[in-house]
Amino acid sequence: MSDTLRESLLVKLGQLQCHFTWGPQIDDVDLDDVKQRLQDSIIIGGKHQGVPHNQLAYINYRQGNCEEALRDLEEAERRLREIHGDGFERRSIVTHGNRAWLHYHMGQLSEAQSYLDK
């Protein structure tokens, strides 16, 4: 992908509403502690199981674990589909945005565009 297309994609990604654009202030936070708390909340369960998986994906990305972050986002999608059925697409906007950003950072620009298009 050319630099112009990469820049165009970055501008579009910047317009998304997701963990990558909300700019969580985590520079002074113990990411391992946050990760453990999120994993604990997943074990406890609840009706909003897509949320901690999305947050966990962002933490894993920040720690350089992109493959693990992808697995977290796949699990978020699975849970959202399981819980919301027909309303899945509407409920998965943040997850799709997170996936678009993650693929962008992994250099998988066509995948990033694919999730941006959703």
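Let's start on the outside: the protein exposes about 7,000 Å², and carbon and sulfur atoms supply 47% of that area. Keep in mind as you look around that this is a predicted model.

Now for the overall build. The protein has eight helices and zero strands, so if you walk along the chain from the N terminus, the elements simply read α-α-α-α-α-α-α-α. Of the 118 residues in the protein, 40% are buried. How do the contacts spread along the sequence? Among those between residues at least 6 apart in sequence, 59% join residues at least 24 apart.

Next, have a look at the aromatic rings. A pair of such rings is described by two things, the distance of the centres and the angle of the planes. How many aromatic pairs does the protein have? The count comes to two. One of them joins Tyr 58 and Tyr 61, with 6.1 Å from centre to centre and 40° between the planes, and this pair is tilted. Why tilted? An angle between 30 and 60 degrees is neither stacked nor edge-to-face, so the pair gets that label. Both residues sit in helix H4, which covers residues 50-62, and because they are three residues apart there, about one helical turn separates them. Tyr 58 is buried, as its relative accessible area is 8%, and the cut-off for buried is under 20%.

The other pair is made by Trp 101 and Tyr 104. Their ring centres are 5.9 Å apart and their planes meet at 80°, so this pair is edge-to-face. You'll find Trp 101 and Tyr 104 in helix H7 (residues 93-105), three residues apart, so about one helical turn lies between them. Are these two buried or exposed? Trp 101 is buried, with a relative accessible area of 10%, and Tyr 104 is buried too, at 12%.

Let's finish with helix H8, which spans residues 109-117. Its buried residues are Leu 109, Ala 112, Tyr 115 and Leu 116. Why do they line one face of the helix? Look down the axis of H8: the buried residues fall within an arc of 120°, and so they share that one face. Turn to the face pointing away from the buried side and you'll meet the exposed residues Ser 110 and Asp 117. And what do the buried residues of H8 pack against? Their partners are helix H1 (3-14), helix H5 (66-84) and H7. That last helix is also home to Trp 101 and Tyr 104.

Terms used
Residues are numbered from 1 along each chain as its sequence is written. This is a predicted model: local features need pLDDT of at least 70, side-chain atom pairs count only at pLDDT 80 or more; totals for chains, interfaces and linings use all residues. Side-chain values use heavy atoms; hydrogens and water are left out. Helices (H or I, at least four residues) and strands (E, at least two) are DSSP runs, numbered from the N terminus. Buried means under 20% relative accessible area, exposed over 50%, partly exposed in between (1.4 Å probe, protein chains only). Contact means heavy atoms within 4.5 Å. Accessible areas come from the Shrake-Rupley method with a 1.4 Å probe; for residues, only the protein chains shown count as cover. Rings of Phe, Tyr and Trp (its six-membered ring) pair if their centres lie within 6.5 Å; planes under 30 degrees apart count as stacked, over 60 as edge-to-face and the rest as tilted. The arc is that of the directions from the helix axis to the C-beta atoms.
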